[in-house]
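Subject: Structure handover

Hello,

Here is the structure you were waiting for, with the sequence. My notes follow below it.

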Amino acid sequence: MNLASLPEDFPLLAIATQSISSQKISIERMGLPPDLFAVGERTFIRFSLAQLSGHQVDQRYWRYFPYAIWLESDRSLATRADYLSEYFDIQLPRSLKIAKRAMKWAEPLFYVYLTHFKPNDPVFEKLAQTAHRFFTSDAIQAGTPLYSLAQELNIFKSAEGPHLVADSILKTNRGLQGWMNQFDVWPGFADTAFAQCAFLELLKLPKEKRRQLDFVNLAFDWGIDAQNQFRYPKTKSLFIDALLLAWKGVKPPDDLMMAMSAKLVRVMGDPRTTQDQWQGVSSEAVQVLVAWLNAK
């Protein structure tokens, strides 16, 4: 798509952020998200009807515009440079200048950024920059979980946020749910594309860290849900390789070895008898587990 019409440095957004700061808004937390898909669908329909009729979109619907940027490939506003430009350069800056509107307009940025996390996508990066400017402004009350997410964990910087969040979750030693409670994020956070990316960052830790009990506990707590299913099925092979290859050539403590073996067999089946379910996992990782099972 042609992004030439989109501003590079968001001068109007910078002005809006300064205006917000001067009004001394003090926002502490986010509300619960709406049904993002349903709102996105309704918004997409509104914009589509406006395009067909040749009429302008009612200003009140622009607030929900981010929810309709990424739907299915054939039902998305991500390719509409004219709408994107008007939203980022006109509608959003104007609304962020008004204290009573600011948070209502910022909420879609927060939820869409985390849910549709798409690093290297040019439109997504525009949204990320906007969200970072707002949530690191004086509009957010210092000392709150929301402030920490934006300022300390750089959650709205796509190149840094996932790694910093993964490291934060590991260091809290409270598990994924404990971290979510501490940082006051909504229950659906664990199912977002951002959370999946952060989980992948966790799996990239050096093998010395992946041998630590805290890592093993978190990996299972985060990667396996309450129904003993992979929370992110596409990461299955990377997840198991990260757990098992850390122990290649190194014998874990017996209690840890037994616990890891039992959990993996419960989720995946015994690789000695259910080889099909282990397809995609490296042969070296399978050999590690088989050696543990044969040693019992």
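What is the volume of the largest pocket? The largest pocket comes to about 180 Å³. Ten residues line this pocket, and the closest to its centre are H55, Q56, V57, Y83 and E86. Please keep in mind throughout that this is a predicted model.

Overall layout

The chain has 14 helices and zero strands. Read along the sequence, the pattern is therefore one α after another, α-α-α-α-α-α-α-α-α-α-α-α-α-α. The C-alpha trace spans about 70 × 45 × 30 Å along its principal axes.

Pockets

To go back to the largest pocket, two helices each supply at least two residues of its lining: α2 (36-53) and α3 (81-96). Of these, α3 gives the most, with three residues. By class, the lining of the largest pocket holds four nonpolar, five polar and one charged residues.

The second largest pocket holds about 160 Å³ of space. Its lining has 15 residues, and R29, M30, D184, V185 and W186 are the closest to the centre. The elements that give two or more residues to this lining are α4 (99-115) and α6 (145-152). The largest share, three residues, comes from α6. Eleven residues of the lining of the second largest pocket are nonpolar, one is polar and three are charged.

Enclosed space

Rolling a probe the size of a water molecule over the atoms shows where empty space is left. How many cavities of 30 Å³ or more does the count give? The count comes to one cavity of 30 Å³ or more. The largest cavity has a volume of about 40 Å³. The residues that line the largest cavity are H163, A166, D167, L170, E201, L202 and L205. Two elements, α7 (161-172) and α9 (193-203), give two or more residues to that lining. The largest share, four residues, comes from α7. By class, the lining of the largest cavity divides into four nonpolar, one polar and two charged residues.

Helix packing towards the end of the chain

Two packed helices are described by the angle between their axes and the distance between the axes. I have notes on two such pairs, and α13 belongs to both.

The first pair I will take is α12 (residues 236-245) with α13 (residues 254-268), which pack at an angle of about 165° with their axes 12 Å apart. Angles over 145 degrees count as roughly antiparallel, so α12 is roughly antiparallel to α13. The crossing of α12 past α13 is left-handed. On the α12 side the contact uses K236, I240, L243 and L244, and on the α13 side M260, L264 and M268. Sorted by class, that contact has six nonpolar residues, no polar ones and one charged residue.

The other pair is α13 with α14 (residues 283-295). How do their axes cross, and within what distance do they come? The axes of α13 and α14 cross at roughly 115° and come within 10 Å. Angles of 65 to 115 degrees count as roughly perpendicular, and α13 and α14 are therefore roughly perpendicular to each other. The crossing of α13 and α14 is also left-handed. Here M257, M260, S261, L264 and V265 in α13 meet L289, W292 and L293 in α14. By class, this contact has seven nonpolar, one polar and no charged residues.

If you put the two lists side by side, M260 and L264 of α13 appear in the contact with α12 and again in the contact with α14.

One residue in α12

S237 is found in helix α12. Which residues does S237 touch, not counting those up to four places away in sequence? S237 touches Q279, G280 and V281. S237 and Q279 are 42 residues apart along the chain, and their C-alpha atoms are separated by 8.4 Å.

That is what I have for now.

Regards

Technical notes
Residues numbered from 1 in each chain as written. Predicted model: local features only at pLDDT ≥ 70, side-chain atom pairs only at ≥ 80, totals over all residues. Heavy atoms only, no water. Axes fitted to C-alpha atoms, helices over the stretch in contact; angles between N-to-C directions. Parallel < 35°, antiparallel > 145°, perpendicular 65-115°, else oblique. Left-handed = near helix turned anticlockwise from the far one by under 90°. Contact = heavy atoms within 4.5 Å. Nonpolar A, V, L, I, M, F, W, Y, C, P; charged D, E, K, R; others polar. 1 Å grid on protein atoms, 1.4 Å probe; cavity = no way out; pocket = protein on both sides within 12 Å on 5 of 7 lines; lining within 4 Å. Points joined across faces, edges and corners; volume = space filled by probe spheres on them.
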